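User: I've got a two-chain model open and I'd like to talk it through. Can you take my questions one at a time?

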Amino acid sequence: MSNYDAIIIGAGHNGLTNAAYLAKAGLNVVVVEKNEYIGGAAVTRELQEGWKYSNCSYVCSMMRQAIHRDLDLAKHGLILVPYLGNINFGDGDERLLSYHNEEAAHLELKRHSPHDADAMHRFQTDLTRYSQLIRKTLMRTPPDPTSFRPRDIMELLYLAKQFWKLGEKELYEYVRFFTMSAAEYLEDYFENDLIKAAMASPGIIGTALGVYSPGSSYILLHHVMGDVDGSIGAWGLARGGMGAISNAIAGAVNEFGGEIRTNSGVQKILVENRKAVGVVLENGDEIRARIVVSNLDAKRTFTRIMDKNDLPDGIYDKAKNFKIRGSSGKVNIALSGMPKFTGVPENRYVARGGQVFTGSLETMERAYDCWKHGRWSDDPFIESVIPSAWDPTVAPPGQHWMSNFVQYCPAELSDGPWTPEKRDQFGESVIKKIEGYSPGFRDLIVHMEVRTPYEIEKEIGLTEGNIFQGELTIDQLFFNRPFPGYGQYRMPVKNMYMCGSSTHPGGGVSSVCGANAAREILMDLRRTNTVPEDDFYDE
Amino acid sequence: MTTTDPYAGERLKRTAFYARAKELNIRDAWAAWNGYKFAEYYYDAEYEYFCVRNTCATYDICPMQKYEIKGRDAEAMLNRMVTRDVKKIGLNRVAYCVWCTDEGRMIDDGTIFKLADDRFMLTCGSPCTAWLEMSVFGFDDVTVTDVTDDIAALSLQGPTSCATLKKMGLQGIDTAKPFDILYFPFQGDTLMVSRTGFTGDLGYELWIKKDLAIEMWDELYAAGDDYGIQPFGEAATNMARLEAAFIMPAMEFNEALRTVNFEHDQTPFELSLGWLVDFKKPHFSGRSALLKEKQRGPKYTLTKLDIEGNRPAAGSYIYSSKLCTKEIGYVTSAMWSPSVKANIALAMIKTDYLEGNLWAEIYYEKELRQYSRVARCTRKTKPFWAPARARATPPPDH
């Protein structure tokens, strides 16, 4: 059996990115993946012939352009296509259309509230200022604030300088922003409830918080700090589905001589003399390497595939208490035609784009109440997109598929474990909600894939089905991610690293965690760095 | 438009597709081309660009000049005019050509369609009647007719373009190889389709009698509805052609007949189009000057650049070092390529300096303040965008 320099556990997009950069540096790497397919949560699967679902993640904005360009993912078949505006559906007949075009967007806001139409400029400006700062930290390793190493001190100084550039007033605002709820934050700007609700919704996506929970305003920012070709906050679709991203990165891994093994779940990370030395696969095979990199979430890594006795004191408990609550489900629906929605103009650009069943701040908060009580929401918040309206490769011509991200859906139900029947009832609640806005929707359904946190954890391996590999609250961000003292991708066992979304800068199909971890690993192994610096439009 | 309109002489003409195009030009974003009202974009330039790369989209090429060149001497006349060997163009084939002055400076580029042994169609961006009539001089049996206003032409480009034409009922369209011409019956007349385009992607150009333009548009759009069809304008064209590294007049080259200053026009060798110049064929305009240039080497060479960072290097000078002391060229076109995810440009660089370091000094504005940055440039030998589907026969459905 050959000896490897590095074993990467999990062929999600971050694991593959990590492998690509290590292989590019000349290391002999192997990625081991438990499923028969690669991609983790950035995956495309054809469960119904002719329809290709992005089963988990469904839109893309965080993917760092510098990595896309550096790994030449275009050559490996990746093209990201922006999609035009979307529609927010209010509780009643109210519709808020967000147009791509600035003039049109302004007029539409004005229709709802002249005040809010003006306030939107200030809101976007403030948000851009915040996101510019965060964006600068993405492809940098967080400093350890307790360390006196020159590198950490330099990095802290860099951050201080960036913060200082904001000016005194903005500094206070920034701190306030980080700790507020999305709804409260938006009160400062807007008066119209549907506008507030539409703007608040990114603050709850993927997280077990409500729009009124402190901390949700940061998550709002996390969802708008990406960009598509420099248009910050824009979202795109990967042509061919999200799996095209993973496949392209895998193409780069192969190009650099890396190996990817599917059907190779890891049973245990081998530790000898407090050093990681390899892994034991579920089939009993042993693979040894100089280093082991886990792309699994922190909880799964330390509580499922490591022996508690191999870990320093306290780590097991930290991992056990890592906040990674499941809050969302995903319903993928193959449709025989394009659904029509009530109260929406037949504008072929906007009416086909994204549908956000927003309701109101009140509806969203009530939906969260259900989650707290261990039930899926009676009246859920759903963020939908019809990728086939934009991408001709994911459904037969004239037919479509709709991706529905549903919140809230708990990992543990108050009335006992998830069953197939409960899963179907959850799916039904989603159809019912959509049907309310699209009569006849049900008749278009050709096939459905309903995924509760239970399915997501079982199939993808994300604990509780948490899409971010751990919540994006300030106690678990930056140098605190995944745990205080371990924010630099090196884990408490020597020669062991983490490279998934449980590390800085957190969830999203960004490739950043994997790339940042590779940079740290190459530094430890005294290899030339292969990871590019970030590239900004807003430099 | 009536003759009582006092501004009739100034108003832009409307193309054969105007009735449909104006409905779809939601932003009223009109520009002009050869006297025709012409879309800059229809809805969103970037979206339309992505339709060219992701679905399919149409570009109204009615304003492009079209000349029918007929007669026993038509081939000889064209062969005397253009630098490529017209004899080598097969029947129902299209060839990209350039033509030059006696000094070997480029007048224009265009395409020659061989429709019969004694009948050709020449298309080009700018009107060329005077030069054509001069080129006819000395040939007995050749007539040149400007058919620009008789033929409606629509370019259909993008990965679903073949699938759309199949859906439209053009049986056998998938057998067309690049630069092939095929004919299909259409409403009692003939629809000519060539597998050509200006985007570097899979694509076709449709040619029909002007009276049938709207009928053709409607059938095409009905067929393309499930394939993401969308009209695109000048803005998206310019993005797509730059990724394909195709040259544009008034960008990469200054038409020789409109050039005031000495050698501010270009030769085909300078534009990296030496492959279009055939010295083995009989005499043609500019031959001796071009032969001399070939032996001596061009002063400048049009070069494809991949530039670090993401600020487009529009209008930048190229220098041989980061200190920007020695200026060695200039950027002709530049953009951020959304498909390739690279900061691409075409630049005219002094040939002697091609092998050395290349730096671009890029200026950009941020909230009214000017910034500059010097960025390293890497030469590229292949077009930035050249998908396999553009060459595949039969092409894929998407």
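User: Let's begin with helix α6 of chain B: at about what angle does this helix run to β13(B)?
Analyst: This is a predicted model, so read everything here as computed. Helix α6 covers residues 213-224 of chain B and lies across β3, β9, β10, β11, β12 and β13 of that chain. Its angle to β13(B) is about 135°.

User: Which order do the six strands of that open sheet in chain B take?
Analyst: The pairing in this sheet is mixed. Going from strand to strand, the twist averages 25°. The order is β10-β11-β12-β9-β3-β13.

User: And which strands of chain B stand at the edges there?
Analyst: An edge strand here has a single partner strand, so one of its sides is left without a neighbour in the sheet. Two strands of chain B fit that, one spanning 181-186 and the other 229-231. They are β10 and β13.

User: Zooming in on β11 and β12 of chain B, what is the bridge partner of B:Ser194?
Analyst: Strands β11 (residues 189-194) and β12 (residues 203-209) of chain B run antiparallel, and three bridges join them. The partner of B:Ser194 sits in β12(B), and that residue is B:Glu205.

User: Staying in chain B, which side chain joins that of B:Glu68 in a polar contact of 3.2 Å?
Analyst: B:Glu68 is part of strand β4, residues 65-70 of chain B. Setting aside neighbours within four places in sequence, B:Glu68 is in contact with B:Arg119, B:Phe120, B:Thr143, B:Val144, B:Thr145 and B:Val147. B:Thr145 is 77 residues away in sequence, yet the C-alpha to C-alpha spacing is 5.1 Å. The side chain in the 3.2 Å polar contact, though, belongs to B:Arg119.

User: Over to chain A: which are the edge strands of its seven-strand open sheet?
Analyst: The strands follow the order β7-β6-β16-β17-β18-β15-β19, with mixed pairing. Neighbouring strands are turned by 20° against each other on average, ignoring direction. The edge strands each pair on one side only, and they are β7 (95-98) and β19 (445-451) of chain A.

User: Inside that sheet, how many bridges pair β15 with β18 of chain A?
Analyst: β15 takes in residues 328-335 and β18 residues 400-407, both of chain A, and they pair in the antiparallel sense. One of the matches is A:Val331 with A:Asn404, the latter in β18(A). The count of bridges is eight.

User: Which helix of chain A lies across β15 and β18?
Analyst: The helix in question also crosses β6, β7, β16, β17 and β19 of chain A. It runs at about 125° to β19(A) and spans residues 420-437, which makes it α14.

User: How many residues apart in sequence are A:Arg288 and A:Glu272, the pair that ties parts of chain A together?
Analyst: These two form a salt bridge, with the closest N and O atoms 2.8 Å apart. A:Arg288 lies in strand β14 and A:Glu272 in strand β12, so the tie runs between parts separated by 16 residues.

User: Now the interface: which residue of chain A forms a salt bridge with B:Asp306?
Analyst: The contact takes 30 residues from chain A and 36 from chain B, and the buried area is about 2900 Å². Two salt bridges turn up across the interface. In the one with B:Asp306, the closest N and O atoms are 2.9 Å apart, and the partner is A:Arg69.

User: Last one: how many residues on the side of chain A that touches chain B are nonpolar?
Analyst: The elements giving two or more residues to that side are α2 (65-70) and β5 (80-82) of chain A. Seven of the residues there are polar and eight are charged, while the nonpolar ones number 15.

Note on methods
Residues numbered from 1 in each chain as written. Chains lettered and ligands numbered in written order. Predicted model: local features only at pLDDT ≥ 70, side-chain atom pairs only at ≥ 80, totals over all residues. Heavy atoms only, no water. Contact = heavy atoms within 4.5 Å. Buried area = accessible area lost by both parts, 1.4 Å probe. Salt bridge = Lys/Arg side-chain N within 4 Å of Asp/Glu carboxyl O. Helix = DSSP H or I, 4+ residues; strand = E, 2+ residues; numbered from the N terminus. Nonpolar A, V, L, I, M, F, W, Y, C, P; charged D, E, K, R; others polar. Pairing = 2+ DSSP bridges. Axes fitted to C-alpha atoms, helices over the stretch in contact; angles between N-to-C directions. Polar contact = N/O pair within 3.5 Å; in protein donor to acceptor, adjacent residues only side chain to side chain.
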